[in-house]
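Welcome! Open the structure in your viewer, and let's walk through it one selection at a time.

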Amino acid sequence: MKLPGYHSSGQFARMAGVSVRTIRFYDKQNILKPSYVNHSGARFYTDSDLARLQQILLLKYLGFSLDDIREMTIGNTDYHLLKNSLNLQKKLIQDRIEQMQLVESAIENTVRAIEDEHQIDWSHMLDLIHLTGMEKSFKLQYQNATNISARIRLHRDYSRNPQGWFPWIYEQCCITEDMNVLEVGCGNGALWTENLSRLPRNAHITLSDISEGMLRDARRNIGPQDSRFSFRAFDCARIPFPDQSFDLVIANHVLFYCKDLLHSCREIRRVLKPGGRFLCSAYGRDHMKEISELVQQFDRHIVLSAEKLYENFGLENGRDILLSCFPKADCFHYEDSIILDRPEPLIEYILSCHGNQNQILLDRYKEFLAFTQRKTARGFPITKNAGIFLCYA
């Protein structure tokens, strides 16, 4: 019997240009499940399953293992999510091209040294070993970029405050001509890409992040032609600049990740000029609380974060922590909330969290989609409780 919109395993394999054995293998490995299985056990796939198969085949082509692919994909085919996924895959291809160019250069240098000096330059060999062993960090960078993009999109597209978080943050910075600014933990540079037209022509901005992958994204998003920006990879606990180097230091949702928070704050105070300012953001215990409550209603075993970051540094305790390093710390709240009337952005945000949700939802995606559809049908309100501390050196 022909099912409208469904393709048998054989038809689906021919459409995708792969073997039926490959389709069955991905089913067995719990990477690509059929959309429908009839009473006889025959498997059927839809056109939208091609989107997931495309992502699987691309990641496999780029050298990721099946375990990696299982963690990096989930069964969603909404066009909104597909567009985001394709953009991130494009970034992944760009990263791989840059990596391969570095490998090519290292090989050329090694060959040239052998030809010219008739001996092996072991430093070039170490470069090759390092470059060809980057898959683990490569995967982590891809996941980080995916997660950050998902969170930014939810706040950008569905927040009630029309100004937006990044324009508001920029407004509090009060950047003027000739200022020297440092952002620690810049991520993909979203603070600046949303405010480039407002940035003074002679300001100098140093963007830093502990992740080379995040810095690469920031450089790519801002554009290499903008001479106002420079990029450095380092941990904010060890800032490689002299004392009194910056007029302003920014840490947007960064401090709660610091292993030694007080030491990082002292480092930031050290590099601030007299009268300089430190702007750092945080959120409170009620921030996005409805999302945690929702996943707990679906499955009480789901934990979206292994730790409550606001307990490390949040709106409730941040001022006392900062006053141990700065003479003054003022708190300013950002008034906002979110209302969702569709499930996909909510699911995308949930999958971006650092907890165990993907392990549980991977096998129950369709059930969870139906659950969130019911929850958002009449509007799903989400509390936002975020703000900044402004400190003075």
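Here is a short tour of a sheet and a pair of helices. Keep in mind that you are looking at a predicted model.

**Stop 1: the sheet.** Begin by colouring the strands. You will find an open sheet of three strands in the order 1-3-2, with antiparallel pairing. Which strands stand at the edges? Select residues 6-8 for strand 1 and 36-37 for strand 2: each has a single partner strand, so one side of each is left without a neighbour in the sheet.

**Stop 2: strand 1 beside strand 3.** Now add residues 43-46, which form strand 3. Strand 1 and strand 3 run antiparallel and are joined by three bridges. To see how they line up, show His-7, which stands opposite Tyr-45 in strand 3.

**Stop 3: over the sheet.** Next, select residues 9-16, helix 1. Helix 1 lies across strand 1 and strand 3, and its direction is at about 95° to strand 1.

**Stop 4: the helix pair.** Keep helix 1 and add helix 3, residues 49-61. The two pack at an angle of about 55°, and their axes are 11 Å apart. This angle makes helix 1 oblique to helix 3. Their crossing is right-handed.

**Stop 5: the contact.** Which residues make the contact between these helices? Show side chains for Phe-12, Met-15 and Ala-16 on helix 1, then for Asp-49, Leu-50 and Leu-53 on helix 3. Colour them by class, and the contact of helix 1 with helix 3 shows five nonpolar residues, one charged residue and no polar ones.

Key
Residues numbered from 1 in each chain as written. Predicted model: local features only at pLDDT ≥ 70, side-chain atom pairs only at ≥ 80, totals over all residues. Heavy atoms only, no water. Axes fitted to C-alpha atoms, helices over the stretch in contact; angles between N-to-C directions. Helix = DSSP H or I, 4+ residues; strand = E, 2+ residues; numbered from the N terminus. Parallel < 35°, antiparallel > 145°, perpendicular 65-115°, else oblique. Left-handed = near helix turned anticlockwise from the far one by under 90°. Contact = heavy atoms within 4.5 Å. Nonpolar A, V, L, I, M, F, W, Y, C, P; charged D, E, K, R; others polar. Pairing = 2+ DSSP bridges.
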